[in-house]
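Reader: I would like to work through this model with you, one feature at a time. Could we start from the interior and move on to the bound metal and the cross-link afterwards?

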Amino acid sequence: MTARSVGLVVAIMLVATACATTTSQPSPDETSLLGTLAPLVTTTTSPTTTTSTTTTSTTTTTIVPIGVPEPTVLGVPAEPAVDSQFAGVGMATVPAGGAPIFSQGGTEQLVVAREGLVFAVTATLDDGWLELVTMCDTTAWARAGDLVLNGPSQNQAVGKSFNFAKAVVVLDPGHGGPWNIGAVAETGLREKEINVDIARRARDLFLAPHTVDWETGTIYTGDQVPAAQRVIVTRTGADELADYEAGLLFRAELANAMKADAFVAIHNNAGHENKLETPGSDVYYQSQIEDSRRFATIMVEEFNRSFAPFGTDWVGVQDVGAKSRLSTKNPGKQYYGVLKRTEMPAVIAEGAFMSNRSEADLLATPEFRQAYAEALYRAVVRFLTDDAFGDAPSFDPKSWGGFAGSGDARPTCVIPSQDGQ
Ligand SMILES: [Zn+2]
């Protein structure tokens, strides 16, 4: 903890002596984002000439670790709009003042949806109507002119040529609402709230450019990795905890409609079996999308890098690492509903164990939740901009007969309304 704290508050000063040639930072199109740190923060300047002699000037570049900022409270869009990438399907965001949502066919107004909420747009219909999938896993209609509409990713090939400035990333904080709380620690800490805080910290990382020291994992202000084009948090909105029900069908349909480049379901675990010397983070991958397994191995490695410095009494279950569960009811299909339905590389992250008091106490701290978010950030950047596997164990898919709850929205699910109902 001591070494880590020092690392977070001390700015690194890099002083470069000028030389005859000027180096400039390569653009993301020209080089891998995973290069070493030093060349990317060393700035040199051209010589300056005086009347009698040629001297060199010195430029100082300061990079600062980002530390543990509070998650940003994003405002809501002021008014309806459509982006140039929207071509019939994508995402709808409710602007300030709310937006009416109708039954299929447009015959009945169901609710004025709360500003800041997002919906999947699955079709554009005649007469200005849109077909939506709501957080209640239902199909509804809305007027295109009432919403902010964004179109899908252009889906570049993953690898060293990937331009991260065009990445579309979905962050999916698990659980939510009165009936789906997720794991609860003995201290009363609730998973549905922790997951949203982590998602918002990760969202803030993706929405700004950063420089990463890939040797240590430290994230700095800087511009080595550009801001992603779009980061979608599935459970979101103007209220601080976005504490409403959201079904697994909706979460997957939103990511599919946006053709996201990567999808991360954010969870914390319960029901540990063993004491461990190192963090017991599990990441589940899709068996039907090959690159998902590579994504999971990177994320497990990054969790270890983020969490190990906190040094506590870790716990885990069998086969700690990247793994995949198949349904016993539907042979060959994914056990987890969100991994079954998402059509892009997707993982479920189970970062820490709420059922272990020492890990629950860590999850209660902003420092640990920030470390969780940083692991997600580094994992997504590495996954999209390189083609290497992570340095973590991975296990072949196994049939799983356990019961995690269906994750589908209940019949009593309601779309949060602008008037707070
Ligand atoms: Zn969970």
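Reader: In the largest nonpolar core, which residues touch the most other members, and which helix gives the core its largest share?

Author: This is a predicted model, and its largest nonpolar core has 56 residues. Within that core, F164, F206, V264, M299 and L376 touch the most other members. The largest share, twelve residues, comes from residues 366–385, that is, from helix 8.

Reader: Which residues does M299 touch, leaving aside those up to four places away in sequence?

Author: M299 is one of the residues that touch the most other members of the largest core. Once residues up to four places away in sequence are set aside, its partners are V264, V283, V347, A349, L376 and A379.

Reader: How many residues are in the other core, which lies apart from the largest one?

Author: The members of this other core include A99, I101, L132 and Y335. Its residue count is 49.

Reader: Which residues coordinate the zinc ion, and is its site tetrahedral or irregular?

Author: The zinc ion is coordinated by H175 through NE2, by E191 through two OE entries and by H267 through ND1, at 2.1 to 2.8 Å. A tetrahedral assignment would need all angles to lie between 85 and 135 degrees, whereas the angles among the four donor atoms here run from 50 to 146 degrees. The site of the zinc ion is therefore classed, by that criterion, as irregular.

Reader: How are the donor residues of the zinc ion spaced in sequence, and where do H175 and E191 lie?

Author: The spacing of the donor residues in sequence is H-x15-E-x75-H. H175 lies in the loop between strand 13 (168–173) and helix 3 (191–206), 16 residues from E191, and both H175 and E191 are buried. The element that holds E191 is helix 3.

Reader: Which cysteines form the disulfide, and why does the pair tie together parts that are far apart in sequence?

Author: The structure holds one disulfide, formed by C136 and C413 with their sulfur atoms 2.1 Å apart; the link is left-handed, with -75 degrees about the S-S bond. C136 is in the loop between strand 10 (129–133) and strand 11 (139–143), while C413 is in the segment after strand 24 (398–400), so the parts that the pair ties together are separated in sequence by 277 residues.

Reader: Why can helix 4 be called largely enclosed by the rest of the structure, and which of its residues are buried?

Author: Helix 4 spans residues 248–257, and because eight of its ten residues are buried, the rest of the structure largely encloses this helix. After helix 4 comes K259, whose phi is positive, near 45 degrees. The buried residues of helix 4 are L248, F250, R251, A252, L254, A255, N256 and A257.

Reader: Is L74 buried or partly exposed, and which residues does it touch beyond four places in sequence?

Author: L74 sits in the loop between strand 4 (58–63) and strand 5 (81–82). Because its relative accessibility is 43%, L74 counts as partly exposed. Not counting residues up to four places away in sequence, L74 touches R203 and L207.

Reader: What is the mean pLDDT of the protein chain, and where does the pLDDT fall below 50?

Author: The mean pLDDT of the protein chain is 87, with 84% of its residues at 70 or more. Where pLDDT is low, the predicted coordinates should not be read in detail. Among the stretches under 50 are residues 36–55 and residues 1–31.

Methods
Residues are numbered from 1 along each chain as its sequence is written. This is a predicted model: local features need pLDDT of at least 70, side-chain atom pairs count only at pLDDT 80 or more; totals for chains, interfaces and linings use all residues. Side-chain values use heavy atoms; hydrogens and water are left out. A nonpolar core is a set of buried Ala, Val, Leu, Ile, Met, Phe, Trp, Tyr and Cys residues joined through side-chain atoms within 4.5 Å. Buried means under 20% relative accessible area, exposed over 50%, partly exposed in between (1.4 Å probe, protein chains only). Helices (H or I, at least four residues) and strands (E, at least two) are DSSP runs, numbered from the N terminus. Contact means heavy atoms within 4.5 Å. Donors are N, O and S atoms within 2.8 Å of the metal (3.2 Å for Na, K and Ca); water is not among the atoms, so sites may look incomplete. Four donors count as tetrahedral if all angles lie between 85 and 135 degrees; four count as square planar and six as octahedral if opposite donors are over 155 degrees apart and all others between 65 and 115; anything else is irregular. A disulfide is a pair of cysteine sulfur atoms within 2.5 Å. pLDDT is the predictor's confidence in each residue, from 0 to 100.
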